[in-house]
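I opened the notebook with a short list of residues to look up. After those come the core and the overall dimensions.

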Amino acid sequence: SLLPLFVFAGAIACEFVMHFSPTMYASGERVYYMTSILLLFIVIWMYMALDSEKWKNAFVASAVVVGLLNAALQATVILSKMQ
């Protein structure tokens, strides 16, 4: 299927637009949000394409581990923004 390829190209195009935007600092969060949504779509599509339940469980477990690692590494940043 060409759909994931086009979605990935759209995510790259979102990031590419940032370098030519005169209001880059004002519109940056919206561009990053759209890029995140497009890349999340690709991840979900890849998950749905897995055949065995074993690989699906391994995929979910690795996503949880990476998410927890990301939160642990950014804990000081998160706590500093809460004050």
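**Val64.** I started with how much of Val64 is open to solvent. The model is predicted, and in it Val64 has a relative accessibility of 45%. Buried ends under 20% and exposed begins over 50%, so Val64 counts as partly exposed. I placed Val64 in helix H3, which covers residues 53-73. Next I took a distance from Val64 to Ala49, 15 residues away along the chain. Their C-alpha atoms are separated by 19 Å.

**Val43.** I then turned to a valine in helix H2, Val43. Its relative accessibility is 37%, so I logged Val43 as partly exposed. I also checked Val43 against Val65, 22 residues apart in sequence. The C-alpha to C-alpha distance for that pair is 16 Å.

**Met48.** Is Met48 buried or exposed? I found a relative accessible area of 57%. The cut-off for exposed is over 50%, so Met48 is exposed. Met48 is another residue that I found in helix H2. I paired Met48 with Val77, 29 residues apart in sequence. From C-alpha to C-alpha, I read 34 Å in space.

**Met18.** I looked at a second methionine, Met18, in the loop between H1 and H2. Its relative accessibility is 7%, so Met18 counts as buried. I compared Met18 with Val31, 13 residues apart in sequence. Their C-alpha atoms are 7.5 Å apart in space.

**Thr35.** I went back to helix H2 for Thr35. Thr35 has a relative accessible area of 7% and is buried. Which residues is Thr35 in contact with, leaving aside its neighbours within four places in sequence? I listed Ala11, Cys14 and Glu15.

**Core.** Which residues make up the largest nonpolar core? I counted 7 residues in all: Val7, Ala11, Cys14, Met18, Val31, Leu38 and Ile42. Helix H1 (3-17) and helix H2 (24-49) each supply at least two of them. Two of the residues that touch Thr35, Ala11 and Cys14, are in this core. Met18 and Val31, the pair at 7.5 Å, are members as well. I noted the background too: in soluble globular proteins, nonpolar side chains tend to be buried together.

**Ile42.** I picked Ile42 from the core list for a contact check. I left aside neighbours within four places in sequence. Ile42 is then in contact with Pro4, Val7 and Phe8. Among these, Val7 is also on the core list.

**Whole protein.** I stepped back to the fold. How many helices and strands are there? I recorded 4 helices and 0 strands. From the N terminus on, the elements run α-α-α-α. The radius of gyration is 16 Å, well over the 12 Å that the globule rule gives for 83 residues, so the protein is more spread out than a compact globule. Along the principal axes, I found that the C-alpha trace spans about 45 × 40 × 15 Å.

**Burial and surface.** I checked how many of the 83 residues count as buried, and the share is 14%. Met18 and Thr35 are both buried. The accessible surface comes to about 7,000 Å². Carbon and sulfur atoms hold 74% of that surface.

**Contacts and charges.** I took the contacts with a separation of 6 or more. Residues 24 or more positions apart account for 44% of them. Last, I looked at the charges. There are 4 positive and 4 negative ones. I found their mean positions to be 4 Å apart.

Key. Residues are numbered from 1 along each chain as its sequence is written. This is a predicted model: local features need pLDDT of at least 70, side-chain atom pairs count only at pLDDT 80 or more; totals for chains, interfaces and linings use all residues. Side-chain values use heavy atoms; hydrogens and water are left out. A nonpolar core is a set of buried Ala, Val, Leu, Ile, Met, Phe, Trp, Tyr and Cys residues joined through side-chain atoms within 4.5 Å. Buried means under 20% relative accessible area, exposed over 50%, partly exposed in between (1.4 Å probe, protein chains only). Helices (H or I, at least four residues) and strands (E, at least two) are DSSP runs, numbered from the N terminus. Contact means heavy atoms within 4.5 Å. The radius of gyration is taken over C-alpha atoms; the globule rule is 2.2 Å times the number of residues to the power 0.38. Accessible areas come from the Shrake-Rupley method with a 1.4 Å probe; for residues, only the protein chains shown count as cover. Lys and Arg count as positive and Asp and Glu as negative; His and the chain ends are not counted. The place of a charge is taken as NZ of Lys, CZ of Arg, CG of Asp or CD of Glu.
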